[in-house]
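I opened a fresh page for this one and went through it entry by entry. Here is the structure I had on screen while writing.

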Amino acid sequence: MTSRRGEALALAGLLAAAGVTHLARPRFYDPIVPRRLPGPARFWTYASGVAELAVAAAVAAPRTRRAGGLAAAALFVAVLPANVKMAADWRHRGPAKRAIGYGRLPLQAPLIWWALRVAERTADNG
């Protein structure tokens with residue numbers, strides 16, 4: 001990322017894309033909702049999509065970018081159990097799906113770092 005604004009907008013774009021896919025293709029996400037959560041999986045799929053869109057908007061707006069970055073980090077932590085469930089559920093699938101299932105897990109750490117960096121750089125900027 002070459003600029004603070006560009007880095008924040010890229011994160012906002014990623015979050016917005018994730019939010020849209022949760023709302024447009026919930027059948028993909030429903031099976032990875034942890035069973036321990038109360039209520040139907042579809043509720044959590046839609047709720048996470050709405051949360052991603054709200055956090056994307058917060059990250060995109062300079063006035064709310066710091067709070068948005070912190071919220072994004074929290075959101076990335078919150079979805080980790082779904083990614084663990086996906087990896088466990090897909091461990092006996094074909095190589096491509098296994099790679100997707102397992103590949104999502106190590107991506108959480110850099111996503112959390114990125115979100116915290118956006119929040120920190122915003123705070124440093126004033």
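My notes below run from confidence through salt bridges to a few single residues.

**Entry 1: confidence**

I started with how far to trust the coordinates, as this is a predicted model. The mean pLDDT of the protein chain came out at 93, and 95% of the residues reach 70 or more. I then asked which helix has the lowest confidence and which the highest. Helix 6 is at the bottom with a mean of 90, while helix 3 is at the top with 98.

**Entry 2: the annotated span**

I looked up the UniProt record next. Its entry is unreviewed, and it places "domain: Methylamine utilisation protein MauE" on residues 9-79. I checked that span in the model and found 76% helix and 0% strand. Its end C-alpha atoms are 21 Å apart.

**Entry 3: salt bridges**

How many salt bridges does the structure hold? I get four.

I went to Arg 121 and Glu 7 and found their closest N and O atoms 2.5 Å apart. What does this pair tie together? Arg 121 sits in helix 6 (residues 95-125) and Glu 7 in helix 1 (residues 4-24), so the salt bridge joins parts that are 114 residues apart in sequence. I also noted how covered the two partners are. Glu 7 is buried, with 3% relative accessible area, whereas Arg 121 is partly exposed at 22%. Arg 117 belongs here too, since Glu 7, Arg 117 and Arg 121 are linked in a network of salt bridges.

I moved on to Arg 42 and Asp 30, which form a salt bridge with 2.6 Å between the closest N and O atoms. Arg 42 is in helix 3 (residues 41-60) and Asp 30 is in the loop between helix 2 (26-29) and helix 3, so this pair ties together parts twelve residues apart in sequence. Buried or partly exposed, I wondered about Asp 30. Asp 30 is buried at 15% relative accessible area, and Arg 42 is partly exposed at 31%.

Then I looked at Asp 89 and Lys 85, whose side chains meet in a salt bridge at 2.6 Å, N to O. Both are in helix 5 (residues 80-89), and being four residues apart they are separated by about one helical turn. Lys 85 counts as buried at 12% relative accessibility; Asp 89, at 37%, counts as partly exposed.

**Entry 4: around the start of helix 3**

I stayed with helix 3 and looked up Ala 41, which is found in this helix. Ala 41 is partly exposed, at 25% relative accessible area. Leaving out neighbours within four places in sequence, I found Ala 41 in contact with Asp 30 and Val 33. That brought me back to Asp 30, the salt-bridge partner of Arg 42. I also took the C-alpha distance from Ala 41 to Tyr 29, and it is 8.4 Å for two residues twelve apart in sequence.

Phe 43 lies in helix 3 as well. At 48% relative accessibility, I have Phe 43 down as partly exposed. Its C-alpha atom is 9.7 Å from that of Val 33, ten residues away along the chain.

**Entry 5: a nonpolar surface patch**

Which residues form a nonpolar patch on the surface? I noted Leu 23, Tyr 46 and Val 50, with about 240 Å² of accessible area together. Val 50 is another residue of helix 3.

**Entry 6: two buried residues**

I picked Val 55 in helix 3, which counts as buried at 11% relative accessibility. What does Val 55 touch, beyond residues up to four places away in sequence? I listed Leu 15, Gly 68, Ala 71, Ala 72 and Leu 75. From Val 55 to Ala 67, twelve residues apart in sequence, I have 8.8 Å, C-alpha to C-alpha.

I finished with Ala 115 in helix 6. Ala 115 is buried, with 0% relative accessible area. With the same sequence neighbours left out, Ala 115 touches Leu 11, Gly 69, Ala 72, Ala 73 and Phe 76. Ala 72 is thus on my contact list for Val 55 and on the one for Ala 115. I also noted 8.2 Å between the C-alpha atoms of Ala 115 and Ala 71, which are 44 residues apart along the chain.

Key. Residues are numbered from 1 along each chain as its sequence is written. This is a predicted model: local features need pLDDT of at least 70, side-chain atom pairs count only at pLDDT 80 or more; totals for chains, interfaces and linings use all residues. Side-chain values use heavy atoms; hydrogens and water are left out. Helices (H or I, at least four residues) and strands (E, at least two) are DSSP runs, numbered from the N terminus. Buried means under 20% relative accessible area, exposed over 50%, partly exposed in between (1.4 Å probe, protein chains only). Patches are made of residues with over 30% relative accessible area and no salt bridge: like charges are joined within 9 Å, nonpolar side chains (Val, Leu, Ile, Met, Phe, Trp, Tyr) within 5 Å. Accessible areas come from the Shrake-Rupley method with a 1.4 Å probe; for residues, only the protein chains shown count as cover. UniProt positions are given in the numbering used here, feature names are shortened, and annotations may be inferred rather than shown by experiment. pLDDT is the predictor's confidence in each residue, from 0 to 100. Contact means heavy atoms within 4.5 Å.
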